[in-house]
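Let's take a friendly walk through this protein's interior and two of its polar residues.

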Amino acid sequence: MERTLSIIKPDAVKKNVIGKIVTRFEDNGLRIAAMKKVQLSKEEAQEFYVVHKDRPFYQDLVDFMVSGPVVVMVLEGDNAVSKNRELMGATNPKEAAKGTIRADFADSIDANAIHGSDSKENAAVEISFFFASSKIY
């Protein structure tokens, strides 16, 4: 059983599509092992996205991620990382396949509705950033 992290970003939370996104995960064989709604501080967003620190979009990403609450989830299932990424669609919603989360709910490459871990190794790091192992069921 593989685990991955998913974050419903502030734009999708504001649109009130949390349930629609969760349903897509569940309908595609992923189980919610942990979930919470949080408001990230600037420091938390900077730390979480530190891998992008030297990229030109880093500060805009941090500012966006603290602009409103997010829903953080641990998804569990067979090939959870790749399944989640498939369901999310391309980073740029204009390039995302029809029926993916980003194609249906994202406004732009910056406000792209959702984050998902890109590897098993990063999933483990990202999950531990938000959840103690005793809070994953």
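Below come some notes on the model, then the cores, then a short table.

This is a predicted model, in which local features need pLDDT of at least 70, side-chain atom pairs count only at pLDDT 80 or more, and totals for chains, interfaces and linings use all residues. Residues are numbered from 1 along each chain as its sequence is written, and side-chain values use heavy atoms, leaving out hydrogens and water.

The largest nonpolar core (buried Ala, Val, Leu, Ile, Met, Phe, Trp, Tyr and Cys residues joined through side-chain atoms within 4.5 Å) has 22 residues, and Leu5, Ile7, Met65, Val72, Phe130 and Phe131 touch the most other members. At least two of its residues come from each of strands E1 (2-8), E2 (31-38) and E3 (70-77) and helices H3, H4 (58-65) and H7 (120-130); these are DSSP runs, at least four residues (H or I) for helices and at least two (E) for strands, numbered from the N terminus. H4 gives the largest share, five residues. A second, separate core of 20 residues includes Ile21, Leu30, Ala80 and Ala106.

Ala106 is also among the contacts (heavy atoms within 4.5 Å) of Asn112, along with Lys9, Asp11, Thr91 and Arg102, leaving aside neighbours within four places in sequence. The Asn112 side chain reaches the backbone oxygen of Ile109 at 3.4 Å.

Here buried means under 20% relative accessible area, exposed over 50%, and partly exposed in between (1.4 Å probe, protein chains only).

| Residue | Location | Relative accessible area |
|---|---|---|
| Glu47 | helix H3 (residues 42-48) | 53%, exposed |
| Asn112 | loop between helix H6 (101-105) and strand E4 (114-116) | 3%, buried |

Definitions and conventions
Polar contact = N/O pair within 3.5 Å; in protein donor to acceptor, adjacent residues only side chain to side chain.
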